[in-house]
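Trainee: Could we go through this one together? I'd like to check the labels against the criteria behind them.

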Amino acid sequence: MTQHTLPTLPELRQKIDALDEQIQLLINQRAVCAQQVADVKKAEDPTITSFYRPEREAQVLQMVMQRNQGPLAGETVARLFREIMSACLALESPLNIAFLGPNGTFTHAAALKHFGHAAITQPISTIDEVFREVEAGSVNYGVVPVENSSEGVVNHTLDCFMASSLKIIGEVELRIHQNLLVAQGTEIKNISRIYSHQQSLAQCRKWLDAHFPKVERVAVSSNAEAARMVKNEWHSAAIAGETAAELYGLNILHANIEDNPNNTTRFLIIGTEEVPASGDDKTSLIIAAHNEAGALYHILEPFYRHNISLTRIETRPAQNDIWSYVFFIDFEGHQQQPHVKVVLDEIKARVREMRILGSYPKAVL
């Protein structure tokens, strides 16, 4: 029986160096191609200012994950490509992204996950102001939370859509992992206070009861603010995400301390343009129904008949009509698809008002 000899450590390092050289060469070749794409677009339209294409980036990431054969996980490789695309796009013009701040929040993490670290991210204090910044053209896009698997829908975001002409151009799903953070030099035995947002304290209640039952829990305006406060406090800790830990140079004392490991928040990317089909899309609607019996049935029946899957239905009070309500509906498919067009035409004829908030690629990462 033949025995295979393992390569030596110097041989393996030499091979890694050679591969790194090839990877670096190919990344730069890709960047040149990206610059040429931008040149072609500018030649076709001299007024163009943004080269970001949500549907194209979603397609690239989908292909990356489909052809991945390991040992790295498909999502891990897709995140690497996400950063490569972000850097290439920034060669022409870095994207300016407004998000519900402050820096270090989960919305900040969602913005970086979707656009990459080469984008310029700007923290905004309220959801209304994120909408206004995008509407004014001060930024390219905005990132706002819309629903959480544990806490439910973010009504403020839905209400903003009723008063805005902005479109949904993408979505991000972020697994919410809470971490116990401390400053350099802080010892577990000295922790007398734990800061975090009220929701995060609630989401980690069982873990805190088991590990720090006698430590004071202090609710603050955001997890990022909690991280900022403990940076110079050796007797305290914060519950926050990895982005806050990186931003404020804190150590993760315990990772993933949330009671529900599947807690996920969905964020929406808002912009001004229509997005072409990517091949795996969602569409979002606002519908004002007639105040009559069977109104919701008449809205939903065409979806059932044409075999279109609904992913979310929410109801909100109409802003200018007492005792009237509007429906927010998400479904699978793109408004340009023939069978979707048929359904939308049918529904439009049955309701007082219907507005398409956007068709956009499903979250890939």
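Mentor: Sure, let's take the labels one by one, keeping in mind that this is a predicted model.

Trainee: What does the chain contain overall?

Mentor: Twelve helices and 15 strands. Its C-alpha atoms fill a box of roughly 70 × 60 × 55 Å along the principal axes, and 45% of the 365 residues count as buried.

Trainee: Why are α3 and α4 called roughly perpendicular to each other?

Mentor: The axes of α3 (residues 74–90) and α4 (residues 106–115) cross at roughly 80°. The label covers 65 to 115 degrees, so α3 and α4 are roughly perpendicular.

Trainee: And which residues make that contact?

Mentor: From α3 you have R79, R82, E83 and S86, and from α4 L112, K113, H114 and F115. By class, that is two nonpolar, two polar and four charged residues.

Trainee: Next, the four-stranded sheet. What makes β13 and β15 its edge strands?

Mentor: Look at the order, β13-β14-β12-β15, in an open sheet with antiparallel pairing. β13 (310–317) and β15 (353–361) each have a single partner strand, so one side of each has no neighbour in the sheet. Neighbouring strands here are turned by 15° against each other on average, direction ignored.

Trainee: How do you know that β12 and β15 really count as paired?

Mentor: Pairing takes at least two bridges. β12 (residues 281–288) and β15 have eight, in the antiparallel sense, so they qualify as a pair. S284 stands opposite G358 in β15.

Trainee: What lies across that sheet's strands?

Mentor: Helix α11 (residues 295–305) lies across β12, β13 and β14 (325–332), and runs at about 10° to β14. Angles under 35 degrees count as roughly parallel, so that label fits α11 and β14.

Trainee: What makes a group of residues a nonpolar core here?

Mentor: Its members must be buried nonpolar residues joined through side-chain atoms within 4.5 Å. The largest such core has 25 residues, and F131, F161, I270, I286, V326 and F328 touch the most other members. Elements giving two or more residues to this core include α5 (127–136), α6 (155–162), β11 (264–271), β12, β14 and β15.

Trainee: Which residues does F161 touch?

Mentor: Leaving out residues up to four places away in sequence, F161 touches F131, L166, I168, L268, I270, I286, F328, R355 and L357. There's also a second, separate core of 22 residues, including Y52, L89, L174 and F267.

How values were computed:
Residues are numbered from 1 along each chain as its sequence is written. Side-chain values use heavy atoms; hydrogens and water are left out. Axes are lines fitted to C-alpha atoms, for helices over the stretch in contact, and angles run from 0 to 180 degrees between N-to-C directions. Angles under 35 degrees count as roughly parallel, over 145 as roughly antiparallel, 65 to 115 as roughly perpendicular and the rest as oblique. Contact means heavy atoms within 4.5 Å. Ala, Val, Leu, Ile, Met, Phe, Trp, Tyr, Cys and Pro count as nonpolar, Asp, Glu, Lys and Arg as charged, and the others, Gly among them, as polar. Buried means under 20% relative accessible area, exposed over 50%, partly exposed in between (1.4 Å probe, protein chains only).
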